[in-house]
Structures are given as C-alpha cells and as structure tokens.
Amino acid sequence: MTQVCTTCPYCGVGCGVIATPTGPDSALVKGDPAHPANFGRLCSKGAALGETLSLEGRLLTPRIAGRAAGWDEALGLVAQRFAATIAEHGPDSVGFYVSGQLLTEDYYVANKLMKGWIGSANIDTNSRLCMASSVAGHKRAFGTDTVPGTYEDLEEADLVVLVGSNLAWCHPVLMQRLLAARAARGTKIITIDPRRTNSAEAADLHLALAPGSDVTLFNSLLREIGARGAQDAAWLAAHVSGAEEAFAAARYATPEETARATGLTAAEIAAFHEMWIGTPRVVTVYSQGVNQATDGTDKVNAILNCHLATGRIGKPGASPFSVTGQPNAMGGREVGGLANMLACHLDIENERHRALVRGFWDSPRLPERAGLKAVDLFDACATGRIKALWVMCTNPAVSMPRADHVAEAIRTCEFVVVSDMMADTDTTRLADVLLPATGWGEKDGTVTNSERRISRQRAFLPAPGEARADWRIICDVAARMGFGAGFDYSGPAEIFREYAALSGLAAREGKDFDLGGLTGLSDARYDALAPQHWPVPAAGPAGGRFFAEGGFFTPDGRGRMLPLSPRTSPNAVSADYPLLLNTGRVRDHWHTMTRTAKSARLSRHLAEPFVEVHPADAAAAGLAPAALARIESPHGEMVARVRITDRTPAGVLFAPMHWTGEWSSKGRVDAVVAAETDPVSGQPELKRTAVRLRALAPVWFGFAVTRHAPAPRGGYWARARTENGWRLELAGESTPPDWEGYARRLLGIPAEAVAVSYLDAGLGQARIAFLAPGGGIAGAFYAAPSPVAVARDFVSGALEAEDGSPGDILAGRPGAGRTDPGPTVCACFNVGVNTITEAIRARGLLTVEAVGEALQAGTNCGSCKPELRALIAAAGRDRMAAE
C-alpha cells in the first residue's frame, strides 16, 4: 500500500500526517515522525481522521434549485448571474466569503478573481472571526502581519504564558511539546483565562481575570517593567518608537487599579510580574480569547508592547506568539484573503502596491479601498446591497455572530452559490446553486501553519462523483465570465509559482513575505516540497525568526509601541441580560462538525451541546445538574444541557461553538452571540455577549439509540454517531399518546422489529427495546419526567452486540458479568471513565503515567491528562474518607 505524506486539516498547528489508502473513501492515518510541527504526534481529532472519509452526506454533483445539474449548466449560470449583476449594479454588488480551510492555491485565485478582474475587495474569510485582531496588531507594531517566532521557542523558553488560549484542547500537540519541555527543563507555565480550563489545570499559575480586562493586566506589566528599569533601553533606542507614550499611558494600571479591573489579588498580580519580568526567555502565546473582542487589537498590542519594551522578540525562547485556529488561516492572510489586504502582505490603500499587483496580474482593474468585512458583508446581503454571494468551504449560517440574522440574509440575497463537500448544511440549504468541491485527502496544494511553515496537502483518494478542486471551480467560472487568460492554470503547482513570483516583488517593496526562491519550482519539486518556514528569498538565508536585531517593516524600520487605555465593551450586562456568555471549542470536535461528527469515538466525550454554569448562577436560575436551559440574548436563543461547575466564574457562562442544525434542534450558540466588532480589525466579540439563563421545563426527557437513520422532529434533540448507528438526547413538551409508535417512527425501526417494553403512565416512564429480526438490538428508547439515568455508553454499545439482553437494555445498565466503560475520557484509545476509575482503585494507580502504562489513556495527544489527574485525586479522597 502506498503511503502519502500530507498535512492535517484541523487547527493551525499544521501536523504532518501519513495516510495509507485502504479503499476509495478510506485510509489508515498516523502522525508523520519527520514533520517538524508534530514529530509524529497527533491529537484525538487527527488520530481519527481515517474515520471521517466516508462519502455519506457528500455533495457529489452540482445542484441548481435543489435538482441535479451538469457542470456546464451550473458554471454557466454562476458566471452569467455574477456578470449580469456586476453590469447592472457595479462590482461592489457581489461578494465572496471564503475559508481558512481552503488551500493557498484556492485562496489565491479566489482573491485574484474578485480583486483583479471583478474589481471589488468584497472578499472576506472566516479567518476574520479568529485572527483578524492579530493581523491588525502585528501591522500596527511591526508594519506587516509577521509572526516573529517558531514552535521551537516553546521548548527553549523558561516561561510560557498562555493568554486566552486553551492550548491543551485547541492545540493539543503544541501543549504536548510544551509539557515535554517542562519535564525536560522545568519550564514554568502561566495561564490567563477567566475559565479554569484544562490548560489552567496544568499551569504553575492561573490568573482567572475578569472578562475583557487583558489590556489593564498587560499595561500593569508594562508599568512594572518601567518601574523596575527592566526595559532594554539600548534596544528601544535603536529599534522602537512610541515607548515613552506607551509607558505614560500605562501609568494608570497601579496594583490597586489592576486588582479592581481584573478581579485578581495583589499577590497574583505580583507573582505574574515577578515571573514575567524575571524570566528573560519568555514566550507569550495568545489566541481567540485575545482576538475575539471589541478591543482585540489593543489586547494584541498590549502584549506586544511588553515584548518590545524588553527586546524579548525573535530570540530563541523569547517572543510573542499568535496561534491560529484553522489549517490555512495563515495562508489566507498571505494571499490577501481578507477584504482589507492585497496578496503577499501588500496594502490595498497603497497606490504603489496596487500598481505592482495589477501590473503583475495584467488585470483590468483593482479596487482602491478595502471591501466589506465579514459582519458587514452579511449585513449588506440583508439590505440588498450585495445581490450575488459565493460562499466557499465554510458554514456562516452557523459560525457567524447573530447566526439567525445571517441565515436570513443569505436566504434573501438574490443569488447565492455555495461550494462545499457536504450536501446538507445550514448554509447549503439556503443556496441557489451548489458546487461539489473536493475535501481533505482529495485536494492538492499547500497550507501555512501558525509558525509560518508551508506544508503540502497531497491527494491520496480519488475525487468522488463529480467533485472538483476549488481552484478549478473558480477558474472555470472566471473563464466563463471572459477572464480566461488570467486563470488558465494547468494545476496548483503553476498557481504556486505565480504566487511565489509575486511575493518576490512584494519583498522588494519592503515586505516580509517572500517565496521568491520557489518561483522556479518544477511540478516534480512542488510535488516533493518539504515543510519549510518562510521567507524563502531568491538569495540569502531562509526561514528563521524575525526582529531580534530590529529590521521591522515600517517606513523607518522601527517597531511601534502603542499607548493603550482600556475600553468598555458594548456587550455589557443589564437587568434584562445579567450574565455574560463565553464561547469556544471542545477537545474532540472542530468547527461545525461536518468532519468530526462522522467519527463515533470523537462524539463519546461530549455528545450534545452544553452550557457551563457556576453553582451560584445555577441556583439563581433554578437549574439542577443535567437539566436543560435556554440561553437568550436580544439576537436569538439556544438550548443546551446544563453542566454545573466552578470552572467558569460566577456571572459567566460557557458554551461550545460546534453544534449546528444538522446535529441538534437548538444548539447553534452563534444565534445568541452579538455582532459587535473591533473598530480596527473588524473581528467580532465572540467571547462576550450579555445573556439571560432560563430553565427549560419539558414534560419528559429521553435517551435513545438506533441502528437506523433517526428522524427527530419537534422538542429538544441532539444526535451523535455510534459505531453502528446513532444516539439521541431528547425532551418534549407533550407526552405522545403511543410511546412505542413514537419511538418506532423517531428511530426508523422497521415494522418487523419486535418491541419489548416497560411502560408506567403513573410515573411517566417508558423503556422500550426493539429486537432486530436477525438478532441483536435494533434500537432502544427511554423516557422519564427527569433526565434519564441510564448507562449511555453501555446502551450504545448494545447496538454492536449480536446477543444483547432485552432485560439489560430495559434496565439501561449491564447485568452481572457485563461491564460499562462509561463516558469516554481518552478518545485516542477509547477509554471510558469507569474503566479508568476501576483500574485506579483495583491496581493502586497513583500517577497519570501509571494509568497510561496500564490503559494507554493519555499516551497519545495527552489532552485528557487533566481529567486523569482529577480521577486519581478523586480516588485518593475516596480512600482517605474510607479510612
């Protein structure tokens, strides 16, 4: 079997993967030990990639108004409608919304078509939702969107500060590199996050600051740097402007004011100052908790100010470090995929840059101003200003703030095209034309990870049905619009060569991004391209770090420190909406779950939408554990399972971003989220929305499993994969008159399946096991007036057994001699909580390492290690209580 080296399609770590095809839609996947991003490590999601390649649910042919169509008809219609709209209403009447999951070559031609030939800058990307504030902060401080450091800095630092980054769950492979460095050399870790995340559990110091107080915290650090004389005065004099003004602006951040604004104690603030200032080798890693705010750009610059003030930038083990959320968010920034940029980090407002790009492309036109950013783009669809929209490789009806508004805006737009792998998403259902695109394993091109490392994504599976590469679809539309001469590419290698050549010209204009040394890459060398950092100039050293010796990309070559003051968020609590909602990711799912939801083991850890609620807030709302709650804002609502925990502070809720209308009835958290944006970056504040919390009072709660495709309708439902079927969480506002008939229809159970049931109308309980005609359990259904207490993983596993006991199924727990592994803790090796707890008790396992040796749990990506430590600690408390 042929092994293919490629790159993981999930987060911005950019892990190398070795894929071995085992069929037209299947492959074995393992980490690539030679790839310098991960050295063979994979997280739970990456390890399960082989389970996500089935063609179930794939869009395999073009569709027009819901009917199958040929490519010629579909492409002709798209080209005709866009051309007619532009002719009648001008180039700014159309828009593209693209994605950090596109490959660089796809991104490049999309940007080229919109800006160079259509003549509008109305192309924006879902990276606007995750990294735009970092882009803006970098440009203000450095002159360009430059990440100064590399992953090696995590291993060479003596202190790593994680700000608004749950690295353990969102970038698990980087967390493992960091923890390995701590074991080897004693690296200290500080986590700055309102929640006590799994990353915080691993930290030496957790600063649970008040939401939105980051600028004051880092201004207090800058003030203390000045007070101690810890700034690098010579470095500042030689390389940085604005230091005096920045230090002056930070004077307000006294220990007393910082404690008031952040909610931290004086001792915590002093410890942070001492550790940061006293450790020359310090890396500050930041992510969405910093970026996704109305003052996100200021937060970025508050961090950069401290590194610039001390000269701790671009040096081994000393640098600020923005980690990205998508596999090619960096590539999209490089090609100009944002509405306010040109390709290769050139500036759209700069006349010289516009002339360079237009001349290089030999394009008929180029916009002179920035286009509509993501939130504004969909608002323009709602008002009719945008009359034709093309969405590529993303699901904005779920992921954009005010998601209900965005869905309605897409629905009312005169003409909507969606290119996607999947046939049925919240966004594809709103399209006039669907174009089937290839996905991971079928695509061929490049991506850039968080450390500026370019890697190849290589195809190892055939394109299914009539699916085409995104770059090919874009070029085919361009040709039909009369622009064929600019888009006559033979393949992604030719696109890459053109892009590299343009970057060489950009470098001559004083920009950081330079692939000029790859301009002459042959197709064979492109196919074999090894992972490498940029820059790759035509002459001179390649890769490495930036700014250790100055050399910023501003007009005078000096870095910029900025005077910063805290700003009040418009998303403030009120009497009607007294709580704040924070959103984010979970460990085993990614984005809107079109890929991860195909894997049964990735759904075992957290199988439905949930909301974390502090005990005080739960008591105030009358919520019990496992209840259902409605989270409401002025923009919309969601319903989620309640998890009562002190991991989130009082007054702040947390809910994950992943669930869609495909996987739950009311789990779209971004329907609730406000669309207030950072005035500099245009990035929306996804971490802070004023909401209220109400208990949902259904008449009944339910749980069910089935081998067949379920058909949930009405009430609350959430569905997830099992190995041989589906599991569902349910709740209803009225009791069905016939539980068996209801369950049979819900679960798709055939008439010949025999039902064995226990029904108690007085207690409001129903338990039904459906016996498959050929043996085994076809499905099971449970209902009760309170959340159903059954061993869910045992019942789900019964679908796989040929000899399932109806008695055990009705009981909802294993009988004598049978085991229930319990909810999954380690998704990499599918180890449940009951298995772990029993092993700790019976074998006397006292460390995470001992659990790993006994059960493998925690030995791959390691993101479950904090949960393992908690189970070990709980077992220890139980032993002490028993004694």
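This report describes one sheet and one helix pair in a predicted model.

**The sheet**

Five strands, in the order β10-β9-β8-β12-β13, form an open sheet with parallel pairing. At its edges lie β10 (205-207) and β13 (319-322), each of which pairs on one side only. From one strand to the next, the twist averages 15 degrees.

The edge strand β13 is joined to strand β12 (residues 282-286) by 4 bridges, and the two run parallel. Within this pairing, valine 283 stands opposite serine 319 in β13.

**The helix pair**

Two packed helices are described by the angle between their axes and the distance between the axes. Here, helix α3 (residues 104-118) packs with helix α21 (residues 470-483) at an angle of about 20 degrees, and their axes are 8 Å apart. Because angles under 35 degrees count as roughly parallel, α3 is roughly parallel to α21. The crossing in which α3 passes α21 is left-handed.

The residues that make the contact are listed by helix below.

| Helix | Residues in the contact |
|---|---|
| α3 | Glu105, Asp106, Val109, Ala110, Leu113, Trp117 and Ile118 |
| α21 | Asp470, Trp471, Ile474, Cys475, Ala478, Met481 and Phe483 |

Sorted by class, the contact of α3 with α21 holds 11 nonpolar residues, no polar residues and 3 charged residues. Both helices contribute nonpolar residues, including Leu113 of α3 and Ile474 of α21. Among the charged residues are Glu105 of α3 and Asp470 of α21.

Methods: Residues numbered from 1 in each chain as written. Predicted model: local features only at pLDDT ≥ 70, side-chain atom pairs only at ≥ 80, totals over all residues. Heavy atoms only, no water. Pairing = 2+ DSSP bridges. Axes fitted to C-alpha atoms, helices over the stretch in contact; angles between N-to-C directions. Parallel < 35°, antiparallel > 145°, perpendicular 65-115°, else oblique. Left-handed = near helix turned anticlockwise from the far one by under 90°. Contact = heavy atoms within 4.5 Å.
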